[in-house]
Amino acid sequence: MIDGAVRSEAEFPALQHLLGLEGLTRGEISSILDLSTRMKEIGERPLKKVPSLRGKTVCTLFVEASTRTRTSFEVAAKRLSADTMSLTASASSLTKGETLLDTAKNLEAMGPDIIILRHSAAGAPHFLARHVRAAVVNAGDGRHEHPTQGLLDLFTIRERLGRLEGLEVAIVGDVANSRVARSNIFALRTMGAKVRLSGPATMMPPGLEALGVTPCRRIEEAIDGADVVMMLRIQKERMGSDLFPSDREYFRCFGLTRERLKRARPHVLVMHPGPINRGVEITPDVADGPESVILEQVTNGVAVRMAVLYVLAHRQGRAS
Ligand code: CP
């Protein structure tokens, strides 16, 4: 049973929408992770479906490409028995010049309870949330945030290592362009983990210390004694110009190899949000090795997104 899992609305005061992890409290994050555990159990049953969101409609609007996030939101909605509407930019009238707001208003006219938006512009989900009645979930907005990726990463770490408090987490790569890094930094710091960042100087934004993280010039410094090594994708689509000389040079300086991984704690988890650039960000033997939880992250993404949909529908009095 899932209903009753959300104990009271007072535990989720900020979740009219899920636009980012910045500002969420430790209690709110813990509650979503706890609920995700129950949702994961549903995914392990022979019949992977509960009626919690029966009669509700979830709309995915992806104006940027996605494999994992879009499909896992759809699976999550279906496991909760919601109806789904799915729109991608290339198959929509956005290609004919219709604005995002007009697109959203027309979709809303069909009565979705929750709209999930991915967009290349930072702040697009916030804009939408001001103009539609439905709850809005940010599925990644430019360089800003990717809150459900952050939550599924925390869920995976907590499930594997039993805690978040006090863990040493190394985040390595294209920090400046990564919404995954930002969501993880906010949530990991809130949950008491220590975060070290490393990447090419051109990919490290200024003012990192203000976020309570430790910048490391070399990847080896970041990995030394780490409990978790989270590699980031190089976001070539967000770079105005080349930020490193070549893929080979990037790999030489910041690629995760088995040799470098030896510096981490024996129980280290290797994570990557995907898609992976094999042989550039990470070697195949590490990506597919025993320390890797990359595919577990994908599995857990369904459970976490079920929890987010459930909480938002419940908050709006929409869950059965
Ligand atoms: N991690 C992630 O956001 O992957 P997709 O771009 O495939 O959704």
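## Close-up views of a predicted model

**Figure 1. Ile 171 and its surroundings.** Setting aside neighbours up to four places away in sequence, Ile 171 is in contact with Ala 181, Asn 184, Ile 185, Leu 188, Val 195, Arg 196, Leu 197, Ser 198, Met 230 and Leu 232. A second, separate core holds 25 residues, and Ile 219, Ala 226, Ala 264 and Ile 282 are among them. Please keep in mind for every view that the model is predicted.

**Figure 2. The largest nonpolar core.** This core has 63 residues, and the two that touch the most other members are Ile 171 and Leu 309. Which helix gives the largest share of this core? Helix H11, spanning residues 294-315, does so with 11 residues.

**Figure 3. Ile 219 in helix H7.** Here we move to a member of the second core, Ile 219, which sits in helix H7 (residues 219-223). Is Ile 219 buried or exposed? Its relative accessible area is 0%, so Ile 219 is buried. Beyond four places in sequence, the partners of Ile 219 are Val 172, Ser 198, Met 231, Cys 253, Phe 254, Gly 255 and Arg 260. Leu 256 is 37 residues away from Ile 219 in sequence, yet their C-alpha atoms are 8.4 Å apart.

**Figure 4. Val 175 in the loop between strand E5 and helix H6.** The loop that holds Val 175 runs between E5 (168-172) and H6 (179-190). With a relative accessibility of 5%, Val 175 counts as buried, because the cut-off is under 20%. Val 175 contacts Ala 181, Leu 197, Ser 198, Met 203, Met 204, Pro 205 and Leu 232, leaving out residues within four places in sequence. One of these partners, Met 204, is 29 residues from Val 175 along the chain, and 5.6 Å separates their C-alpha atoms.

**Figure 5. His 144 and its partners.** Look for His 144 in the loop that links strand E4 (135-141) to helix H5 (147-161). His 144 has 18% relative accessibility and therefore counts as buried. Which residues more than four places away in sequence does His 144 touch? They are Ala 122, His 126, Asn 138, Arg 179 and Arg 182. From C-alpha to C-alpha, His 144 and Ser 178 lie 7.5 Å apart, with their positions 34 residues apart in sequence.

**Figure 6. Helices H3 and H4 where they cross.** The axes of H3 (residues 100-108) and H4 (residues 124-131) come within 11 Å, crossing at roughly 50°. That angle is why H3 counts as oblique to H4. The crossing of H3 past H4 is right-handed. On the H3 side, the contact is made by Leu 100, Leu 101, Ala 104, Lys 105 and Glu 108, while H4 brings Ala 124, Phe 127, Leu 128 and His 131. Sorted by class, the contact comprises 6 nonpolar residues, 1 polar and 2 charged.

**Figure 7. Backbone details in two loops.** Ser 81 is not a glycine, but its phi is positive at about 70°. This serine belongs to the loop between helix H2 (68-79) and strand E2 (83-88). Ser 81 counts as buried because its relative accessibility is 18%. In the other loop, which peptide bond is cis? The bond from Gly 274 to Pro 275 is cis, and its omega is near -10°. Pro 275 can be found in the loop between strand E9 (269-271) and helix H10 (284-287).

How values were computed. Residues are numbered from 1 along each chain as its sequence is written. This is a predicted model: local features need pLDDT of at least 70, side-chain atom pairs count only at pLDDT 80 or more; totals for chains, interfaces and linings use all residues. Side-chain values use heavy atoms; hydrogens and water are left out. Axes are lines fitted to C-alpha atoms, for helices over the stretch in contact, and angles run from 0 to 180 degrees between N-to-C directions. Helices (H or I, at least four residues) and strands (E, at least two) are DSSP runs, numbered from the N terminus. Angles under 35 degrees count as roughly parallel, over 145 as roughly antiparallel, 65 to 115 as roughly perpendicular and the rest as oblique. A crossing is left-handed if the near helix is turned anticlockwise from the far one by less than a right angle, and right-handed if clockwise. Contact means heavy atoms within 4.5 Å. Ala, Val, Leu, Ile, Met, Phe, Trp, Tyr, Cys and Pro count as nonpolar, Asp, Glu, Lys and Arg as charged, and the others, Gly among them, as polar. A nonpolar core is a set of buried Ala, Val, Leu, Ile, Met, Phe, Trp, Tyr and Cys residues joined through side-chain atoms within 4.5 Å. Buried means under 20% relative accessible area, exposed over 50%, partly exposed in between (1.4 Å probe, protein chains only).
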